[in-house]
Every structure is written in C-alpha cells, then in structure tokens.
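Trainee: I'd like a close look at one part of this fold. Could you take me through one strand and whatever packs around it?

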Amino acid sequence: MKDFALIYRSESTGEIQLTPEGTLKISKEWENWMGGIAAQNKLISPGKRLGNEGRTVKPGNVVTNGPYAEIKELIAGLSIIRADSLEEATEIAKYCPILSVGGNVEVRDIIPMNG
C-alpha cells in the first residue's frame, strides 16, 4: 500500500455560492464519500479546506498576493489516502463531490522522506 494525496482544485472565482439546501447536500456528499474511504481503512487524513487568500514567497524575498499567479484555478484543499496503486487512488477520486460543482481532483503519490 502507498499513500496518495488527493488535491482538490476549483475555479478561482471565489467561494462556491450555494443555497442552504445546496450547501447541506454537498456537505452530506463529502461526508458520505470520506466516510466510505474511512470505512475501507484507506483514509490517512481528511485534510483541510484552504481559503482563497494567501501569499507566495519567491527567491529574493519577493512576495506576491494570492496563492496563484496566472492560473484560473486554485487548490481548495487536500486529503491523504492509502491505496494499492495509482489506478486505485484514481478510481477513488472519480467519486469526489468536487467534480459535481465543476472542480477537479489531482492524484499524486507521496514519496516518504528519510530522516
């Protein structure tokens, strides 16, 4: 088994605006999806949502506003899961609720650090 990061991306147009009913529905979808991964003992960390504000620090002490440069989407959050292969991790990502609101999921293997 290997660990994989599921990186959730969405358009950088701000927070998704949903009705109270829509918010409840998408929250329940996330809860069910994460619960299903946890039930298989494959959820290492549910992760955190990331906000739209931030700074980027570059070499030479250059600081820019925002967590983005010229891209139209930002990283909305990430989770860590465990799977037998990249294919299995990708299959799990196919059911992520962010896909139903126009976002996408990047699946990356995690390389352990020695030390």
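Mentor: Here is a walk along strand β1 and its surroundings, starting with the sheet and ending at a buried lysine. Keep in mind that this is a predicted model.

Let's place the strand first. Four strands make up an open sheet, ordered β2-β5-β1-β6, with antiparallel pairing. The edges belong to β2 and β6, which have a single partner strand each, so one side of each has no neighbour in the sheet. On average, neighbouring strands are turned by 20 degrees against each other, direction ignored.

Now for the partners of β1. With β5 it runs antiparallel, joined by 10 bridges, and on that side you can find Asp3 standing opposite Arg82. With β6, the antiparallel pairing covers 6 bridges, and here Arg9 has Asn104 as its bridge partner. Further out, β2 is joined to β5 by 4 bridges, again antiparallel, with Arg49 opposite Gly77 of β5.

How much of β1 is covered? Of its 10 residues, 7 are buried, so call the strand mostly covered.

Tyr8 is a good residue to zoom in on. Tyr8 is buried, at a relative accessible area of 5%. There are 3 aromatic pairs in the model. In one of them, Tyr8 meets Trp30 edge-to-face, with 5.0 Å from centre to centre and 85 degrees between the planes. Since Tyr8 sits in β1 (residues 2-11) and Trp30 in helix α1, this pair ties together parts 22 residues apart in sequence. Trp30 counts as partly exposed, because its relative accessibility is 23% and the buried class stops under 20%. Tyr8 also pairs edge-to-face with Trp33, at 6.2 Å centre to centre and 70 degrees between the planes. That is another link between distant parts of the chain, β1 to α1, this time 25 residues apart. Here both partners, Tyr8 and Trp33, are buried. Put together, ring pairs join Tyr8, Trp30 and Trp33 into a cluster.

Next, the core. The largest nonpolar core has 15 residues, and Tyr8 and Trp33 are among those with the most contacts inside it, along with Leu6, Ile81, Val105 and Val107. Two or more residues come from each of β1, α1, β5, α2 and β6. Leu6 gives you a feel for the packing: beyond its neighbours up to four places away in sequence, it touches residues including Trp33, Ile81, Ala89, Ala93, Val105 and Val107.

Two of those contacts, Ala89 and Ala93, bring in helix α2 (residues 86-93), where the buried residues are Ala89, Ile92 and Ala93. These three span an arc of only 100 degrees around the axis, which is why they end up on the same side of α2. In an α-helix there are 3.6 residues a turn, so residues three or four places apart point the same way. As for its placement, α2 lies across β1, β5 and β6, at about 160 degrees to β6.

Last stop: a charged side chain you may want to find in the viewer. Lys42 is in the loop between α1 (20-39) and β2 (43-49). Is Lys42 buried or exposed? Lys42 is buried, because its relative accessible area is 10%, which falls under the 20% limit. Apart from neighbours within four places in sequence, its contacts are Met1, Ile37, Ile80, Ile81, Arg82, Glu88 and Ile92. Among them are Arg82, the residue opposite Asp3, and Ile92, one of the buried residues of α2.

Notes
Residues are numbered from 1 along each chain as its sequence is written. This is a predicted model: local features need pLDDT of at least 70, side-chain atom pairs count only at pLDDT 80 or more; totals for chains, interfaces and linings use all residues. Side-chain values use heavy atoms; hydrogens and water are left out. Buried means under 20% relative accessible area, exposed over 50%, partly exposed in between (1.4 Å probe, protein chains only). Contact means heavy atoms within 4.5 Å. The arc is that of the directions from the helix axis to the C-beta atoms. Rings of Phe, Tyr and Trp (its six-membered ring) pair if their centres lie within 6.5 Å; planes under 30 degrees apart count as stacked, over 60 as edge-to-face and the rest as tilted. A nonpolar core is a set of buried Ala, Val, Leu, Ile, Met, Phe, Trp, Tyr and Cys residues joined through side-chain atoms within 4.5 Å. Two strands pair if DSSP finds at least two bridges between them. Axes are lines fitted to C-alpha atoms, for helices over the stretch in contact, and angles run from 0 to 180 degrees between N-to-C directions.
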